[in-house]
Amino acid sequence: MEVVLVFVSAALVNNFVLSRSLGICPFIGVSKRLDTSLGMGLAVTLVMAFASAITHIVYNGILVPLGLEFLHIIAFVLITACLVQVVEMYLKKNAPNLYKALGIFLPLITTNCAVLGALLLNIELFSGSIVLAMVHAVGAAAGFTLALVLFSGIRERLNYSPVPKLFEGVPIAMIVAGLMSIAFLGFTGMINL
Amino acid sequence: MIKALVRFKKGILDENPIFSQAIALCPVLAVTTTVNNGIGLGVATLSVLFASAMVVCFIRRFISDRVRIPCFIVISATFTTVVQLLMEAFLPALNDSLGIFIPLIVVNCLILARMESFAAKNPPLTVAFDSLGMGLGFTLALTLIGAVREVMGFGTVFGITVIPEAIPRNILMILPPGGFFVLGFLIVGLRALKRKGA
């Protein structure tokens, strides 16, 4: 039961993009087409799931016993960077079209604050259980994907709408995101962890 | 020297990281519920940016081109750790309200972008002014957004009441949606000003 609660809470109630304001760069940058958003979401999910397991082991198994907690930022970033490299090589070989479509945003997953944010929240909230930490990360990634896909759907429609000149590009995207964020406020208080 | 000063001004105005380039938006939206938070995170980011850019500038000859990105990340992670430890020690209240956004400075796109596109290619003086300008531009943007949201959401600036109690506060402004709206409309406003000036 707790597993379900953690997942729903990370995906909907505390949606990373719309409630925690994490991962805005790919949200604004990538999500211009539906299929690339989905691909991006899947890549982030993969990286996040593995990264949260590995960082959990490294943090509790190496850093804490040695009293080196202050090194966690460097350690987490390096682990993420290595994983992104692996995912990149895998996609390049097995899904070259997706690899091309994601372009620069694929290596930038390393610096996606949603990924590092999830890892940092994991040690704050779920340092006791590797399963909950992974569920939290996958839930967060699912919420990120959901926001990205919804947003890209709206943006495809925006292309055909008469947007005032001054609002073109980032401003209208911000306002759309704001409205979506209001919608997600509806989930507030549904689950209190 | 003149070129350095031009870079400094560019970072604050023409190429303002938030308003013109629209990068590094996550911390901008998340922490700018008050002016204090805005300035706090702005200055923290500025220090990490400046220190990392200078280090990259001085040791770039020894970094192989292939591993430069991991090196840049380790450098900025080091300074982020330093800033976080300093804030924990000397500004615990601010550290608490900024939460995970202090460690997240390490993945701030602005810092990596400046290291990659500027600090790795230019002489030290220009790099110093460039990173100071970009950092200040970032800080100003955070402060401005923080001020707008604090005034509209709490009716205060720096915690001092500026709007009479009788006028209702708009609580939405300090919730996540407010960040999106304020940033969107500020960009529109600045575009309008620029167009008028041009």
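How many aromatic pairs does a search of the whole structure find over all chains? The count comes to 5, where rings of Phe, Tyr and Trp (for Trp, the six-membered ring) pair if their centres lie within 6.5 Å, with planes under 30 degrees apart called stacked, over 60 edge-to-face and the rest tilted. Since this is a predicted model, local features need pLDDT of at least 70 and side-chain atom pairs count only at pLDDT 80 or more, while totals for chains, interfaces and linings use all residues. Residues are numbered from 1 along each chain as its sequence is written, chains are lettered from A and ligands numbered from 1 in the order in which they are written, and side-chain values use heavy atoms, with hydrogens and water left out.

One of the aromatic pairs joins A:Phe167 and B:Phe185 in an edge-to-face arrangement, at 5.8 Å centre to centre and 85° between the planes. This pair crosses between chains: A:Phe167 sits in the loop between α7 (130-158) and α8 (170-185) of chain A, and B:Phe185 belongs to helix α8 (residues 176-197) of chain B. Helices here are DSSP runs (H or I, at least four residues), strands are E runs of at least two, and both are numbered from the N terminus. A:Phe167 counts as buried at 19% relative accessibility, whereas B:Phe185 is partly exposed at 46%; buried means under 20% relative accessible area, exposed over 50% and partly exposed in between (1.4 Å probe, protein chains only). A:Phe167 turns up again in the surroundings of A:Ile172, a residue of helix α8 of chain A. Leaving aside neighbours within four places in sequence, A:Ile172 is in contact (heavy atoms within 4.5 Å) with A:Leu158, A:Val163 and A:Phe167. The C-alpha atoms of A:Ile172 and A:Leu68 are 45 Å apart, with their positions 104 residues apart along the chain.

Next comes a helix pair within chain A. Packed helices are described by the angle between their axes and the distance between the axes. For helix α3 (residues 34-63) and helix α6 (residues 113-125) of chain A, the angle is about 35° and the axes are 10 Å apart. The axes are lines fitted to C-alpha atoms, for helices over the stretch in contact, and the angles run from 0 to 180 degrees between N-to-C directions. The crossing of α3(A) past α6(A) is right-handed, meaning that the near helix is turned clockwise from the far one by less than a right angle, with anticlockwise giving left-handed. On the α3(A) side the contact is made by A:Val44, A:Val47, A:Met48, A:Ala51, A:Ser52, A:Thr55 and A:Tyr59, and on the α6(A) side by A:Ala114, A:Val115, A:Ala118, A:Leu119, A:Asn122 and A:Ile123. Sorted by class, that gives 10 nonpolar, 3 polar and no charged residues; Ala, Val, Leu, Ile, Met, Phe, Trp, Tyr, Cys and Pro count as nonpolar, Asp, Glu, Lys and Arg as charged, and the others, Gly among them, as polar.

A:Asn122 also serves as a reference point for A:Leu132, a residue of helix α7 of chain A: the two are 10 residues apart along the chain, and their C-alpha atoms are separated by 8.6 Å. A:Leu132 is buried at 12% relative accessibility and, residues up to four places away in sequence not counted, touches A:Glu2, A:Val3, A:Val6 and A:Phe126.

Some loop residues have their own stories. A:Thr110, in the loop between α5 (96-102) and α6 of chain A, is buried with a relative accessible area of 10%. Beyond residues up to four places away in sequence, A:Thr110 touches A:Val77, A:Thr80, A:Ala81 and A:Val84, plus B:Ile73 and B:Val107. In chain B, B:Asn16 lies in the loop between α1 (2-12) and α2 (25-31) and is buried at 5%. The side chain of B:Asn16 reaches the backbone nitrogen of B:Phe19 at 3.2 Å, and B:Asn16 touches B:Lys10, B:Gly11, B:Gln21, B:Gly137 and B:Ala141, residues up to four places away in sequence not being counted.

Backbone angles round things off. Most residues other than glycine have a negative phi. A:Ser21 has a positive phi near 55°; this residue lies in the loop between α1 (2-13) and α2 (24-29) of chain A and is buried at 2% relative accessibility. B:Phe158, not a glycine either, has a positive phi of about 55°. B:Phe158 is found in the loop between β1 (156-157) and β2 (160-161) of chain B and is partly exposed at 47%.

Technical notes:
A polar contact is a pair of N or O atoms within 3.5 Å; within protein, one must be able to donate a hydrogen and the other to accept it, and residues adjacent in sequence count only if both atoms are side-chain atoms.
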